[in-house]
Amino acid sequence: RQYKKYERYKDTGVEWIGKIPEEWDLSKIKYIPKYEYKSFVDGDWIESPYITDEGIRLIQTGNIGIGSYKEQGYRYISEDTFKDLNCTEVYPNDVLICRLAGPVGRACLAPSLTERMITSVDVCILKPKDNIDRRYLVYILSYDGYLQEADFLARGGTRQRISRTQLGNINILLPPTDQQKSIANFLDQKTAEIDGLIADKEKLIELLQEKRQAIITETVTKGLNPNVKMKDSGIEWIGEIPEHWNVEPIKYMVKTIQTGTTPTTKNDDYFDGDIQWFTPGDFHGSKELYEASRKISNLAVIDNEARLFPKNTVMIVGIGATVGKVAKLGVEGSFNQQITGLIVNEQRLNCDYLYYWLYINQETIKNISNYTTLPIINNEFVKNFECLSLPLDEQQAIVNYLNQKTSEIDDLILKIRLQIQKLKEYRQSLISEAVTGKIDV
């Protein structure tokens, strides 16, 4: 839709803002708060020993989204701590501005919770004057230009941070109060419509992913012939399998089960070479992995500091939060000690079928792994983990079918993700154009 523009514009003299409607003003953020005590202050420094499971809610930087509050991370302090530390209470609809990256300067309105609230020291509490529409203020603090300016002013080593003084000196646009309300009303309506469309598409992706999982599970465990005679597999969650299939430990169907290694970091020559070296962080749900976040040199292999595995090695993560995650090497490569590689006996097992089998067993593996603090599986566990044994021609037919079906679903999911991305970009552009006066709503 084409929106009309304002009749007259003026130059602000601020490069990143440019021209604005003639009746609009510029104001530094520090002039927005009320003339009251604690109307523009940082939150409180709350150290770990003061954190409790109930009491006064602590809103943290992770709760501050771009324009919206995100409910997560339930932490509290006691009433006594609140008094002893002289904490600043946060009230519903206070404007909360995060001074930490992700991005720096993002803001939202404080929620209406059933408990009292405070916030962490890297969040500013701003209570605007009565002639400022708080919803409009959050929208202008969600504008790309403002966020880029805040990021430019931020400083820090490991984490970018902007001081409250620097934040207060950033210019923002202020239309007359009635126009602020009109812009906020317009954006509330339009963003709600867009968010509804995004939610519908995200739900569709969930359904497609469930369908994908169901197709893989059904095909891997039942085969492609709906009329085949069945028998009990002896594995509770699988139930019946085709009568001529069997169940065997994986060790009888593979040539090699071997854990990866990490070259010593004392020798820089072992790293930044041409060999892809995978870690659990490289597992992003793709069936085949081609690019690792780090590479090692051939010298690391020659010096037995790393093992080289052939293309089509099936990799399974053996420790940590991603235990049970599985992927195939799309290229000759290597991986660290948190990953176990399986090289199949091609006379017994199709590597893609093994991949699909382990894929549908990811949660099972995670649930039965041995751990006290971190889930962990060792090579002995992998060797004795049971796999379905079936004729190679059936394995190949199953793999061909699943490769086609999953590819179709993945392509559809990708198209929907692109649609979601375009909707998010449109949402952001609509906010930017409305709060900067590019369109008259």
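# A walk through the structure

Ser334 is found in strand S21, which covers residues 334-335. This is a predicted model, and that serine is a handy place to step inside. Is Ser334 buried or exposed? Its relative accessibility is 0%, and since buried means under 20%, Ser334 counts as buried. Look around it, leaving aside neighbours within four places in sequence, and you will find Ser334 in contact with Ile275, Gln276, Trp277, Phe278, Ile296, Ala306, Arg307 and Phe309. For a sense of scale, pick out Asn400 as well: Ser334 and Asn400 are 66 residues apart along the chain, and 27 Å separates their C-alpha atoms.

Let us turn to the nonpolar interior. In soluble globular proteins, nonpolar side chains tend to be buried together. Here the largest nonpolar core has 90 residues. Which of them have the most contacts inside this core? They are Leu141, Tyr353, Trp357 and Leu358. Helix H10, residues 392-435, supplies the largest share of the core, with twelve residues. Trp357 is worth a closer look: apart from neighbours within four places in sequence, its contacts are Val220, Thr221, Trp237, Ile238, Phe385, Glu386, Cys387 and Leu388. There is also a second, separate core of 13 residues, and among its members are Val90, Cys98, Ala110 and Val123.

Next, the empty spaces. Rolling a probe the size of a water molecule over the atoms shows where empty space is left. How many cavities of 30 Å³ or more does the structure hold? It holds one, and the largest cavity contains about 30 Å³ of space. Its lining is made up of Ile316, Leu358, Ile365, Ile377, Phe381, Val382 and Phe385. By class, those lining residues are seven nonpolar, no polar and no charged. Two of the names may ring a bell: Leu358 is one of the residues with the most contacts in the largest core, and Phe385 is in contact with Trp357.

The largest pocket holds about 580 Å³ of space. It is lined by 28 residues, and Arg212, Gly285, Ser286, Tyr355 and Tyr359 lie nearest its centre. Several elements give two or more residues to this lining: helix H5 (177-222), strand S20 (326-329), helix H7 (351-360), helix H8 (362-368) and H10. Which element gives the most? That is H10, with seven residues. The pocket lining has eleven nonpolar, ten polar and seven charged residues.

Now for the strands. One open sheet has three strands in the order S6-S5-S9, with mixed pairing. Its edge strands, S6 (76-77) and S9 (117-119), each pair on one side only. Strand S5, residues 56-59, pairs with S9 in the parallel sense over three bridges, and you can spot Arg57 standing opposite Met117 in S9. Elsewhere, strand S3 (residues 25-28) runs antiparallel to S11, and four bridges join them. In this pair, Lys28 stands opposite Asn171. Strand S11, residues 171-174, is covered on both faces: Asn171 and Leu173 are buried on one side, while Ile172 and Leu174 are buried on the other.

Helix H3, residues 144-153, is another element to visit. Which of its residues are buried? They are Gly145, Tyr146, Leu147, Ala150 and Leu153. An α-helix has 3.6 residues a turn, so residues three or four places apart point the same way. The buried residues of H3 pack against three elements, namely strand S7 (95-98), helix H2 (134-140) and helix H4 (164-168).

To finish, a few details of the backbone. A cis peptide bond joins Gly102 and Pro103, with omega about -10 degrees. Pro103 sits in the loop between S7 and strand S8 (107-109). Asn93 has a phi near 75 degrees, a positive value in a residue other than glycine. You will find Asn93 in the loop between helix H1 (79-84) and S7, where it is partly exposed, with a relative accessible area of 39%. Asn312 is likewise a residue other than glycine with a positive phi, near 80 degrees. Its place is the loop between helix H6 (298-302) and strand S19 (314-317), and its relative accessibility of 30% makes Asn312 partly exposed.

Technical notes
Residues are numbered from 1 along each chain as its sequence is written. This is a predicted model: local features need pLDDT of at least 70, side-chain atom pairs count only at pLDDT 80 or more; totals for chains, interfaces and linings use all residues. Side-chain values use heavy atoms; hydrogens and water are left out. Two strands pair if DSSP finds at least two bridges between them. Buried means under 20% relative accessible area, exposed over 50%, partly exposed in between (1.4 Å probe, protein chains only). Contact means heavy atoms within 4.5 Å. A nonpolar core is a set of buried Ala, Val, Leu, Ile, Met, Phe, Trp, Tyr and Cys residues joined through side-chain atoms within 4.5 Å. On a 1 Å grid over the protein atoms alone, a cavity is a set of points where a 1.4 Å probe fits but cannot get out, and a pocket is an open set with protein on both sides within 12 Å along at least five of seven lines; lining residues have an atom within 4 Å of a point. Grid points are joined across faces, edges and corners, and a volume is the space filled by probe spheres set on the points. Ala, Val, Leu, Ile, Met, Phe, Trp, Tyr, Cys and Pro count as nonpolar, Asp, Glu, Lys and Arg as charged, and the others, Gly among them, as polar.
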